[in-house]
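Please work through the exercises below with the sequence and the structure at hand.

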Amino acid sequence: MSTTVANQKASAGKVAAQEVLGLTGNEAAAEALKQVNPDVAAVFPITPQTELMHKFAEYVANGAVDTELINVESEHSAMSATVGASAAGARAVTATSANGLALMWEIVAIASSLRLPIVMPVVNRAISGPLNIHCDHSDTMGCRDLGWIQLYSEDSQEAYDNMIQAFRIAENKSVMLPVMVTFDGFIISHTMERVEIISDDKIVRNFVGEYQPENYLLNAQHPVTYGPLDLPDWLFEHKRQEIQGFLNAPEVIKQVGREYGEISGRSYDLLEKYRMDDAEVAVVALGSTAGTAKAAVEELRAEGVKAGLVKIRCFRPFPGKEICAALAKCKAVSVMDRCISFGLEGGPVFNEIRGAAYGAGLKVPMVSHIYGIGGRDINVTQIRGVFEELKKLASGGKIEAVESYVGLRE
Amino acid sequence: MALNLKKLSHKPEMLAPGHRACSGCTAPFLIRLALKMVDDDEKLVTSIATGCMEVVTTIYPFSAWRCSNIHSAFENSAATCSGAEAAYRVLSKRGKVKEKFKFLAMGGDGGTYDIGFQSLSGAMERGHEMLYICYDNEGYMNTGIQRSSATPKGAETNTSFAGSAKPGKEQHRKDLTACLVAHDIPYVAQASVHNIRDLGDKIYKGLHCGGPAFLNVLAPCHRGWRIGVDQGVEYARLAVETNFWPLFEVEKGAYKINYKPKTQLPITDWIKGQGRFKHLFNDKNKHIVDELQAETDRKWKSLLRREAEALEDAKAAAPASA
Ligand SMILES: Cc1ncc(C[n+]2csc(CCOP(=O)(O)OP(=O)(O)O)c2C)c(N)n1
Ligand code: SF4
Ligand SMILES: [Mg+2]
């Protein structure tokens, strides 16, 4: 694996000075974008992502960045222009939510097939319909097989940190895949939180490095053709190369996570194991719910229950082996999905973990809890309820329903 | 700039031979000419929409493009090109790209009049410095000859059959050039593949007008029009001689007709040899031919009026002579 991004040694080994700010998730992501100062950003409003690009457009207007802003007329064009810019040799970004992501779907798949290292924050919101502007994961889960790396964020701090790391991951020559950084609509995007920001933009820019494209439209010496007609005699081989990018990605994500730790004091892995060493009952969650689950785990621990949490940060590539290893000693597990997979028993994350468990020989009783659809609240008491169910299963109780719902009126 | 054909013949071919367009297809010629309409110190980035010309020029592992080309999808040639143009601006500003580049987006009538209309409109409105060329063959040819909003009234396609209940396409064509004029961009023009000088001049102007430009080029498809393989250029000429497809340009809002037939030929001269109109030549469908003629005349008169208006405006703006 080659790590080709320049300047990474510059600040290695020294945690940089941090500034503590009160920021919403949108502001934190915009702050990261400001520090990176990408070449091109295509913007189009959609709740709850809108304020992210407001903030960034303000940075452009004030000269804090000299990014070329493209005020497109739709998300389809946002992703198309981002693809054009990235293929031209620019570091290019856009941002969206739900219906915007749905509208750009076609080009989201094209971006990854062209191996363009685009970074896109997606502020999670329920896919219509009916229309709903609040958080669930139906948008990003729906495009989990479009060839993008997906990093989920627990809070504004992680939104900021993931945004910075995303460029390094995407642009690594052994990866060359676009990265979605997701964070929960309103719950994170609009909630003011304590966030530590690396004070000096230069340190962030050094960490991210100069983007050095290899094949690009604006290379006057070597013109290129992007996006040819790829028939049955070649498409499979090209998809195999894309698979290789995903096979290479976990090591790169971990390496970047470690190096980021060196400059920020906050290092990252594919997943976070929270009180898992001796956990007998555990939930798996991603996004802001992981934070709520931690509070539930703490309460239960105080009561002597051996509860734990596995938080998935990197959902694509899917760290199935790591998740199963973390759950190996558990007696009962719930996978909490903020998304429905219609016609399938259990949510998408649940099914992926259960599939991985088969391969890993993990025979722990496992159930799927669907929650938080369309922004429905999830609280500590409810997650404690999930643990109550797990305790029964752990002591020999039978699984009555593989899929059940939290916070639903029925 | 008047096109210098001799000089042009010495310019390198930027669209390689061996692509898979049907023999007699008129669109590759348009592309070959377009790729030569940059100055020697200029490079080109092109984008193209899904459709015949994309499919025939880039069958992996081959590419006929000797300049950079990007194809992303059917409806986003303009938006894709706008992203590349924005990248050029910022990378030049940051000193990472030193050469001079021009930007050319292309699409068929389906990719331009219909599914790519929004993307085109957005890119033009934003003011990207790029020329968009529509190669208009009046139908979705790549998917097997279906109607588009550029298909003339009465034409038979595989989604507008002529049968006992229907006489072929029921609507007149969309005047896309007029839609683009309404965008108030620096340069909008209509051209045809049969008139090389006029076409070349317009491509050059469009690429060098300092802002967004749109060029609508009639490029017959003998498969869809049901004409002889060698008749594409002739039917382009007839479309102009009948005033069905006038050659004109609109610079900063001012209309100029670039060619006026000495005697306008009747519309039947254009449609009679085309298999897609053959069902019109009977008593039942004669009214459609009449409507085509009436619509052609109405549009032509309106064009003459606009040109006269532009001449008057120019006169009024000119300083009074002593
Ligand atoms: C979103 C989408 N819808 C439909 C298609 C199928 N399709 C490919 S090319 C084409 C027609 C192209 O027509 P036009 O733009 O006029 O170009 P031509 O083939 O006539 O040169 C269609 C319908 C597609 N590729 N993408
Ligand atoms: S079908 Fe028509 S437009 Fe397509 S390549 Fe053949 S002649 Fe050209
Ligand atoms: Mg067509």
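The exercises treat the chain interface, a helix pair and the surroundings of a ligand.

This is a predicted model, in which local features need pLDDT of at least 70, side-chain atom pairs count only at pLDDT 80 or more, and totals for chains, interfaces and linings use all residues. Residues are numbered from 1 along each chain as its sequence is written, while chains are lettered from A and ligands numbered from 1 in the order in which they are written.

**Exercise 1.** Determine how many residues of chain A and chain B are in contact, and which element of chain A gives the most.

Step 1. Contact (C-beta atoms, placed from the backbone, within 7 Å) involves 38 residues of chain A and 39 residues of chain B.
Step 2. H3(A), a helix (a DSSP run of H or I, at least four residues; strands are E, at least two), gives the most to this side of chain A, with 10 residues.
Step 3. By class, this side of chain A has 23 nonpolar, 10 polar and 5 charged residues.

**Exercise 2.** Describe how H4(B) packs with H6(B).

Step 1. The axes (lines fitted to C-alpha atoms over the stretch in contact) of H4(B), residues 77–93, and H6(B), residues 117–126, are 7 Å apart, at an angle of about 35° (on a scale from 0 to 180 degrees between N-to-C directions).
Step 2. Among the residues that meet are Ala78(B) and Cys81(B) in H4(B), and Leu120(B) and Ala123(B) in H6(B).

**Exercise 3.** Identify which element gives the most to the shell around ligand 1.

Step 1. The shell residues divide into 6 nonpolar, 11 polar and 2 charged.
Step 2. H5(B) gives the most, with 3 residues.

Note on methods. Two residues are in contact if their C-beta atoms, placed from the backbone, lie within 7 Å. Ala, Val, Leu, Ile, Met, Phe, Trp, Tyr, Cys and Pro count as nonpolar, Asp, Glu, Lys and Arg as charged, and the others, Gly among them, as polar.
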